Amino acid sequence: MFLRTIDDIRGTDREVYAENGHWVSRRLLLKKDGMGFSFHETIIFAGTETHIWYKHHLEAVFCVAGEGEVETLADGQIHRIVPGTMYALNNHDEHLLRASKDLRLLCVFNPPVTGTEVHREDGSYPPSD
Ligand code: 9YT
């Protein structure tokens, strides 16, 4: 087994900032770690809105701090996100993620993210392979 801490990750290439400055993702587990999924702590900064559409990944997100909402674009529904809430993007759901207070999220991706992915124009990350 191995351990890794957020302090180990700060300032390395496992700490990835969105190009628009809306979030930082600290990638505790990546594809190369061989677990079959990737596992990230993501901070979504207060006052931001991010368009996301993971066409090539499934993602589960668990909120441990902060406050925000997810709007799913197919049906216009707004889902409140507070500590203790998990949301699962089981249908590659296109959505808007908004933070009213800094959101601290734990995120799992299947297939795993490989490294320094940031959202492309369409809100997706490229396929793992
Ligand atoms: C919740 C979400 O998808 N935020 C965007 C960043 C992503 N979680 C990541 O790469 O860690």
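In the predicted model, Val70 stands opposite His79 of strand S6. This pairing of residues belongs to the register of S5 (58-72) and S6 (residues 77-81), two strands that run antiparallel and are joined over five bridges. Four residues separate the strands of this hairpin, and within the hairpin Gly76 adopts a positive phi near 70°.

Both Val70 and His79 also contribute to the lining of the largest pocket. The space in this pocket amounts to about 180 Å³. Two elements, strand S5 and strand S7 (86-89), each supply two or more residues to the lining, and the largest share, three residues, is that of S7. Further lining residues include Thr72, Ala74, Asp75, Tyr87, Ala88 and Leu89, together with Asn90, Asp93 and Glu94. Classified by side-chain character, the lining comprises five nonpolar, three polar and three charged residues.

The ligand is surrounded by 16 residues, of which Ser25, Arg27, His40, Thr42 and Tyr125 are the closest. Polar contacts to ligand oxygen atoms were computed for several side chains. For Ser25, a polar side-chain atom lies 2.6 Å from an oxygen atom of the ligand; for Arg27, the distance from a polar side-chain atom to a ligand oxygen atom is likewise 2.6 Å. In the case of Tyr54, an N or O atom of the side chain is found 2.8 Å from an oxygen atom of the ligand. The ligand on its own has 310 Å² of accessible area, and the protein covers 100% of this area.

How values were computed: Residues numbered from 1 in each chain as written. Predicted model: local features only at pLDDT ≥ 70, side-chain atom pairs only at ≥ 80, totals over all residues. Heavy atoms only, no water. 1 Å grid on protein atoms, 1.4 Å probe; cavity = no way out; pocket = protein on both sides within 12 Å on 5 of 7 lines; lining within 4 Å. Points joined across faces, edges and corners; volume = space filled by probe spheres on them. Nonpolar A, V, L, I, M, F, W, Y, C, P; charged D, E, K, R; others polar. Pairing = 2+ DSSP bridges. Near = heavy atom within 4 Å. Polar contact = N/O pair within 3.5 Å; in protein donor to acceptor, adjacent residues only side chain to side chain. Areas by Shrake-Rupley, 256 points an atom, 1.4 Å probe, with all protein chains shown as cover.
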